[in-house]
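Reader: I have a model open and want to go through its sheets. Can you walk me through them?

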Amino acid sequence: MTTAVTGLWRHPIKSHGRERLDTVSLTAGQTLPGDRVWAVTHEHSKADTSAWAPCVNFTRVAKVPALMAITARMQDGRVRLRHPDRPDLEFDPDTETGVFLDWVAPLMPGDSAASAGIVRVPGRGMTDSAFPSVTLCNLASHRAVERQSGQELSIHRWRGNIWFDGLPEWEEFDWLDREVGIGQAVLCVRERATRCLATTANPETGERDADPLGALAHWGHHDFSVRAEVVRGGKIAVGDAIRLL
């Protein structure tokens with residue numbers, strides 16, 4: 001079976017929606033285009049527009065599970081958000097922060113720090129890693145977690161960028177410091193991605209209804225997928241073969 005890309009996904013606003021792509025052009029040293037361009041700060045955040053900041057500075061699904069049910073579409077600098085419990089919202093994250101904060105406020109639990117603003121760092125997406133990363137996700141590993149959980153799980157619980165199939169489960173963990181060719185691009189795998197409570201939230205409802213972390217503990221860790229750095233840019237698409245170089 002050929003190892004091939006089965007899905008491409010970006011998340012224009014960190015923790016606030018996902019968007020499916022058919023093809024995209026990667027650039028060396030950058031995140032997947034349109035991925036985590038913006039992040040939502042909360043009232044205790046120390047993040048600004050000068051540099052990357054850790055995820056604790058942002059409103060995220062781990063603290064606000066209802067955010068998992070948001071889907072997004074980005075076009076010409078504007079983002080359209082949809083949620084089953086909110087009216088659709090289309091806005092410019094750079095200039096229309098207020099309308100977004102009003103829209104998202106009803107989704108926030110009372111014990112969570114209130115969202116306060118939107119930031120972006122020119123030239124890179126606000127990924128969880130200190131380097132601009134692209135997340136590679138193995139469908140076989142996802143199926144292994146489903147079996148251990150005893151229930152079907154949406155792939156969107158992992159909020160990954162590039163999904164592929166055709167390899168044994170967990171083989172991606174053997175790719176550390178190796179280069180992977182996808183379409184015209186080459187990526188170098190840098191680290192495993194350790195997961196958090198965000199994975200417990202259902203991407204359709206935004207309610208916590210599963211324990212993927214408990215399932216992962218069966219293998220002695222809470223890791224799923226790997227983060228890679230783009231070392232040679234180029235076009236990639238659903239259906240492209242994945243080659244270990």
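**Sheets and helices**

Author: This is a predicted model. One open sheet has three strands in the order S5-S6-S7, with antiparallel pairing.

Reader: Which strands stand at the edges there?

Author: Strand S5 (71–75) and strand S7 (86–91). Each has a single partner strand, so one side of each lacks a neighbour in the sheet. From one strand to the next, the twist averages 10°.

Reader: How many bridges join S6 to S7?

Author: Four, with strand S6 (residues 78–83) running antiparallel to S7. Val79 has Phe91 in S7 as its bridge partner.

Reader: What lies across S6 and S7?

Author: Helix H1 (residues 97–104), which runs at about 165° to S7.

Reader: Now the sheet of eight strands. What order?

Author: S2-S1-S10-S9-S13-S12-S11-S15, an open sheet with mixed pairing. Strand S2 (19–21) and strand S15 (242–244) are at the edges; each has a single partner strand, so one side of each is without a neighbour in the sheet. Here the twist averages 35° from one strand to the next.

Reader: And how do S1 and S10 run?

Author: Antiparallel, with four bridges joining S1 (residues 4–10) to S10 (residues 162–165). Leu8 is opposite Ile162 in S10.

Reader: Which helix packs on that sheet?

Author: Helix H2 (residues 139–149), touching S1, strand S9 (134–138), S10 and strand S13 (223–232). The direction of H2 makes about 85° with that of S10.

Reader: Glu146 is in H2. Buried or exposed?

Author: Glu146 is buried, and has no salt bridge. Arg143, the nearest side chain of opposite charge, is 6.3 Å away.

Reader: What does Glu146 touch, leaving out residues up to four places away in sequence?

Author: Gln151, Glu152 and Leu153.

How values were computed. Residues numbered from 1 in each chain as written. Predicted model: local features only at pLDDT ≥ 70, side-chain atom pairs only at ≥ 80, totals over all residues. Heavy atoms only, no water. Pairing = 2+ DSSP bridges. Helix = DSSP H or I, 4+ residues; strand = E, 2+ residues; numbered from the N terminus. Axes fitted to C-alpha atoms, helices over the stretch in contact; angles between N-to-C directions. Contact = heavy atoms within 4.5 Å. Buried < 20%, exposed > 50% of the residue type's maximum accessible area, 1.4 Å probe, protein only. Lys, Arg positive; Asp, Glu negative; His and termini not counted. Salt bridge = Lys/Arg side-chain N within 4 Å of Asp/Glu carboxyl O.
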